[in-house]
Amino acid sequence: VDIMNRVGYDFAVLGNHEFDYGMQQLTVLLEQANAQYLGCNLRYTGDGENALSAVQPYAVVSYVETQVAYIGVSTPESLVKSTPAYFMDAQGDFVYDFYGQEQGNALYECVQETVERCQEEGADYIVALTHLGTDESSAPFRSIDLIANTNGIDAVLDGHSHSVIPCQFVENKEGTDVLLSSTGTGL
């Protein structure tokens, strides 16, 4: 978090490893971060305190006369690529999920609804900040799967697979090219 604060990130997305030390520690890190964490597909179904309540689904930023929406999307694989118990309550019931643990459709629908909400708020461009990756083993939760099953997103800035993708175009549900980029690892 100290490094991220010095770099000056405006927005960040939770990846699976942000959960590795439990929700209590994650809450501390979220409070220390200067960046706004985004995640449209995070859902809390418990009765107690939601450790992720500071995470917003999206943010719309005005750049002179242009409105850009940033939408956060975390991988549903977090439940199995971190410690499953951290997503459960004291009774062992899952109280956190990421829409679509078993299939991609719930994830795509959640993101599509968020895209449409941002468009209704006047967003001229929509950038998805994702932690999905491109590894075949992550299907149907890869960034390329998300792009292919939604429309309205202009660019996807991805993580998770540590892939270096300077600039790739992937067709969305309507056949429109969407820019996909990923910086790899280590900042």
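Let's start with the second largest pocket of this predicted model: its lining divides into nine nonpolar, four polar and four charged residues. The space inside comes to about 260 Å³. Of the 17 residues that line this pocket, G39, C40, L42, R43 and Y99 sit closest to the centre. Two elements, strand 3 (43-44) and helix 4 (105-120), give two or more residues each to that lining, and helix 4 brings the largest share with five.

Now hop over to the largest pocket, which holds about 1200 Å³ of space. Here 35 residues form the lining, and the ones nearest the centre are M4, Y9, V13, H131 and G159. Quite a list of elements chips in with two or more residues: helix 1, strand 1, helix 2 (22-32), strand 7 (125-131), strand 8 (155-158) and strand 10 (177-183). Helix 2 gives the most, with five residues. As for chemistry, this lining splits into 16 nonpolar, 16 polar and three charged residues.

Y9 deserves a second look, since we just met it near the centre of the largest pocket. Where does Y9 sit along the chain? You'll find it in the loop between helix 1 (2-7) and strand 1 (11-13). Y9 also joins I3 and V7 in a nonpolar surface patch of about 280 Å². Why can Y9 count towards a patch? A patch residue needs over 30% relative accessible area, and Y9 is partly exposed at 34%, so it clears that cut-off. Y9 thus turns up twice on our walk, once in the pocket lining and once in the surface patch.

Definitions and conventions. Residues are numbered from 1 along each chain as its sequence is written. This is a predicted model: local features need pLDDT of at least 70, side-chain atom pairs count only at pLDDT 80 or more; totals for chains, interfaces and linings use all residues. Side-chain values use heavy atoms; hydrogens and water are left out. Patches are made of residues with over 30% relative accessible area and no salt bridge: like charges are joined within 9 Å, nonpolar side chains (Val, Leu, Ile, Met, Phe, Trp, Tyr) within 5 Å. Accessible areas come from the Shrake-Rupley method with a 1.4 Å probe; for residues, only the protein chains shown count as cover. A salt bridge is a side-chain nitrogen of Lys or Arg within 4 Å of a carboxyl oxygen of Asp or Glu. Helices (H or I, at least four residues) and strands (E, at least two) are DSSP runs, numbered from the N terminus. Buried means under 20% relative accessible area, exposed over 50%, partly exposed in between (1.4 Å probe, protein chains only). On a 1 Å grid over the protein atoms alone, a cavity is a set of points where a 1.4 Å probe fits but cannot get out, and a pocket is an open set with protein on both sides within 12 Å along at least five of seven lines; lining residues have an atom within 4 Å of a point. Grid points are joined across faces, edges and corners, and a volume is the space filled by probe spheres set on the points. Ala, Val, Leu, Ile, Met, Phe, Trp, Tyr, Cys and Pro count as nonpolar, Asp, Glu, Lys and Arg as charged, and the others, Gly among them, as polar.
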